[in-house]
Amino acid sequence: MRIIIAGGGIGGLTLALMLHQRGLDCQVNEAAAELRPMGVGINALPHSIRELAALGLLPRLDRIAIRTRQLTYSNHLGQQIWSEPRGLFAGHDVPQFSVHRGRLHAMLWQAATERLGSDALCSGRRLVGYTQHGDGVVARFQQPDGSRQDVTGDALIGADGIHSALRASLHPDDPPVRWNGTQMWRGAVEWPAFDGGDSMVIAGDAVAKLVLYPIAPGNTADTRLINWVIYAKVADASQPPPRREDWSRLGDYRSFRHLAERLHLPFIDVGRMIRQTGEIFEYPMCDRDPLPWWTQARVSLLGDAAHPMYPVGSNGASQAILDARCLADLFGRLQVPEALAAYQADRLPATASVVQSNRTGGPERVIDLIATRAPLGFARIEDVATETELVGIVKGYAQLAGFSLGR
């Protein structure tokens, strides 16, 4: 069995490593001509870290990431709404990690190169088409010089992101990327550590929210590389998303200064931290509607190509890793068409539920709830919301997304 993977991001590389571990042949074809440390911070939850640990990658993760100890939701004044331990500190058998996306990607690429060999990872190959026949598939890739390269295998998996070419081929009438009108500004900067240097904070109100967490050690024991994100609704959801080339453009603090100045957190000067950030990026908060199906005979989708979701609840990369584990296991014991059908039956409804939950705010709805009831702050959280309400939002999401301790 040989699996062709279109896309060498987190999902595609994880799939390649898992297939190799099971003795299955594969080839990764990445559209980018060279590997660059794209993106800023992400969180990988225990249910996905468990899969990376099974690949023997925990020591590498510890070298590039932070084991997240605590997650706190607060209002825009820093008043605590909900706080809980995470990862090992919550009783999981593996950590939760906060990490720079580019460093995680580079680590997976290096591990795949070492284990599969450099010939199994091909850069500068963009999927432009495919054909299927009775017992195989031929994927057609375009190279930087304009030439075409045909690759033959038993299955083709599209792990080529939210703008997936394979998704467009399978579903030519699929609606375009869906923007909810929310804009994100984000960056990373070395800054004095807060709350032990291993905690994550999500703070805000009905107007804007801040996500704040360390993603790597700093140059001194007292500093960390801090990832920050501020997001707010800036347009009606009926508006088309910004042009694709504007998705990661450089941002200007002056355009969202009024949002940062709403945040009065006692442990950090948000405005000063942002002003000290070397590069600020702008991203629209986008997803796509869940598909009715992913699989057509020997072809299927994985990760953001299958189920792009709003970046709330720390689940985008984690769900791609879970896709890879499910698919690799099925390829290890079933023929290709049966494996892909079973993969779709398992993962499509599970990820569609997360996509829909993220559209309503995911676990961060606890902030919206308190902002509605106590927009100017509160003396006691018990006077604003019951523990049952808060537990229902936060723990209910953990159960839905698959990282609850009760699962």
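In the predicted model, Q142 of strand β10 is the bridge partner of R126. The residue lies in β10, which spans residues 136–142. Strand β9, comprising residues 126–133, pairs with β10 in the antiparallel sense over 7 bridges, and the two strands form a hairpin with 2 residues between them. With respect to G129, Q142 is 13 residues away in sequence, while the C-alpha to C-alpha separation in space is 9.2 Å.

On its other pairing, β10 is joined to strand β11 (residues 148–153), again in the antiparallel sense, over 6 bridges. Within this pairing, F141 stands opposite Q149 of β11. The hairpin of β10 and β11 has 5 residues between the strands, and G146 takes a positive phi near 90 degrees there.

The surroundings of Q142 involve residues on both sides of β10 in sequence. Leaving aside residues up to four places away in sequence, Q142 touches G124, R125, R126, V128, S147 and R148. One of these, R148, is also engaged through its side chain, which makes a polar contact of 3.3 Å with the side chain of Q142.

As regards solvent accessibility, β10 is mostly covered, 5 of its 7 residues being buried. Q142 has a relative accessible area of 23% and is therefore classed as partly exposed, the cut-off for a buried residue being under 20%.

Definitions and conventions
Residues are numbered from 1 along each chain as its sequence is written. This is a predicted model: local features need pLDDT of at least 70, side-chain atom pairs count only at pLDDT 80 or more; totals for chains, interfaces and linings use all residues. Side-chain values use heavy atoms; hydrogens and water are left out. Helices (H or I, at least four residues) and strands (E, at least two) are DSSP runs, numbered from the N terminus. Buried means under 20% relative accessible area, exposed over 50%, partly exposed in between (1.4 Å probe, protein chains only). Contact means heavy atoms within 4.5 Å. A polar contact is a pair of N or O atoms within 3.5 Å; within protein, one must be able to donate a hydrogen and the other to accept it, and residues adjacent in sequence count only if both atoms are side-chain atoms. Two strands pair if DSSP finds at least two bridges between them.
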